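Me: I am new to this structure and would love a close look at one part of it. Could you start with a single loop residue and then connect it to what lies beyond?

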Amino acid sequence: MNLLEGKKGIIFGALDDKSIAWKVAEKCVEHGAKITLTNAPVALRFGKIQALGEQLNSEIIPADATKIEDLENLINQSMDILGGKVDFILHSIGMSLNVRKKRHYTDIKYEWMQKTFDISAISFHKLMQTALKLDAVNDWGSVLALTYIAAQRTFPDYSEMAESKALLESFARSFGYHFGTLKKVRVNTISQSPTKTTAGSGVKGFDEFFDYADKMSPLGNASAEDCANYCVALFSDLTRYVTMQNLYHDGGFSNMGMSEQVLRS
Ligand SMILES: NC(=O)c1ccc[n+]([C@@H]2O[C@H](COP(=O)([O-])OP(=O)(O)OC[C@H]3O[C@@H](n4cnc5c(N)ncnc54)[C@H](O)[C@@H]3O)[C@@H](O)[C@H]2O)c1
């Protein structure tokens, strides 16, 4: 316990108590961190983040992660509220317009695809670039984003989110180089098991796929709570030399070819 004592952080993406970011925020505070919470203005209206803010005694600062001025305001305000530079940032943001509007991958609307990339991947670069320019992250800080194995393997219903995740993971490596050499800040992505959240359940056939992944993984699907524990470890000083990595948190799924459980079902 108290792995994050004295540390300060910004958590993006808590919409409701199923959100992975919600669990990460709870665990960070449990481990002694002070945090600010943020989400898109529309999510603040429809989501339940206010309740989380009260529970954790954390301020909520609206920011559309695709808008530089929102990110600047968020980071400056966070430093004011928390009393200085931050030590960790979680990017837990994903949304596909073509998936949401049920456009098939072979009939993509490209304006929507660009918006999807902006929200789900380029926002990560924007966030890191803004944080670097504002010199907002302490030496040996840690920046994390959440991703999915569809960046490496084909999962047809994941559609354009596959390319979003490939781009996101590439930003972690490329920006990780610069953040590391300039500021000793590490940047990683966590590739999480399917998880029953608003974003996850938006993918067609999600429930069937969730069960399949559970049977394919020797340890079963990793839960959002366990993902939060992993995030705490990666924000802590116990992982200071881990950077530019895509780290699987998936119960072993990524190294499987076939399991007896799936064969027999
Ligand atoms: N649920 C899964 O199966 C799963 C698996 C692997 C990775 N992930 C990733 O985990 C992350 C979190 O998703 P989740 O499953 O907790 O779902 P979620 O729906 O709870 O979280 C997605 C968040 O993105 C936010 N968001 C959307 N547009 C935004 C914008 N313009 N600016 C700021 N925030 C914006 C939403 O408001 C929401 O809070 C995503 O990157 C997702 O792709 C999810």
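Reply: Lys-102 sits in the loop between α5 (97–100) and α6 (110–133); helices here are DSSP runs of H or I with at least four residues, strands are runs of E with at least two, and both are numbered from the N terminus. Residue numbers start from 1 along each chain as its sequence is written. Please keep in mind that this is a predicted model, in which local features need pLDDT of at least 70, side-chain atom pairs count only at pLDDT 80 or more, and totals for chains, interfaces and linings use all residues.

What makes Lys-102 worth a look is its phi, a positive value of about 60° although the residue is not a glycine. Most residues other than glycine have a negative phi. Lys-102 is also exposed, with 8 other C-beta atoms within 10 Å. With C-beta atoms placed from the backbone, exposed stands for 12 or fewer others within 10 Å, buried for 20 or more, and partly exposed for anything in between.

Asn-57 makes a good companion. Its phi is near 55°, again positive in a residue other than glycine. Asn-57 belongs to the loop between α3 (49–56) and β3 (60–62), and it is exposed, with 9 other C-beta atoms within 10 Å. For a partly exposed residue, turn to Arg-173, which has 15 other C-beta atoms within 10 Å and lies in helix α7 (residues 161–183).

Now for the buried parts. In β1 (8–12), five of the five residues are buried. Lys-8, Ile-10 and Phe-12 cover one side, while Gly-9 and Ile-11 are on the other. β1 runs parallel to strand β2 (residues 34–39), joined to it by five bridges; strands count as paired if DSSP finds at least two bridges between them. Across this pairing, Ile-11 stands opposite Leu-37.

β6 (186–192) is buried in seven of its seven residues, so the rest of the structure largely encloses it. Arg-186, Asn-188, Ile-190 and Gln-192 point one way from β6, and Val-187, Thr-189 and Ser-191 point the other way. Six bridges pair β6 with β5 in the parallel sense, and Ser-191 is the bridge partner of Thr-147.

Helix α10 meets both β1 and β6. It covers residues 224–235, and its 12 residues reach 16 Å from first C-alpha to last, close to the 16 Å expected at 1.5 Å a residue (that is, 1.5 Å times one less than the number of residues). Its buried residues are Ala-224, Cys-227, Ala-228, Cys-231, Val-232, Leu-234 and Phe-235. Seen down the helix axis, they fall within an arc of 165°, so they line one face of α10; the arc is taken from the directions from the axis to the C-beta atoms. These residues pack against β1, α1, β4 (86–91), β5, β6 and β7 (245–249), where contact requires backbone-placed C-beta atoms within 7 Å.

Finally, the ligand. Of the 27 residues around it, Ser-19, Gly-94, Thr-197, Ala-199 and Gly-200 come nearest; a residue is near if its backbone-placed C-beta atom lies within 6 Å. The elements giving two or more residues to this shell are α1 (20–30), β5 (137–147) and α8 (198–201), and α8 gives the most, with three. By class, the shell has 14 nonpolar, 12 polar and one charged residues. Here Ala, Val, Leu, Ile, Met, Phe, Trp, Tyr, Cys and Pro count as nonpolar, Asp, Glu, Lys and Arg as charged, and the others, Gly among them, as polar.

Technical notes: Contact = placed C-beta atoms within 7 Å.
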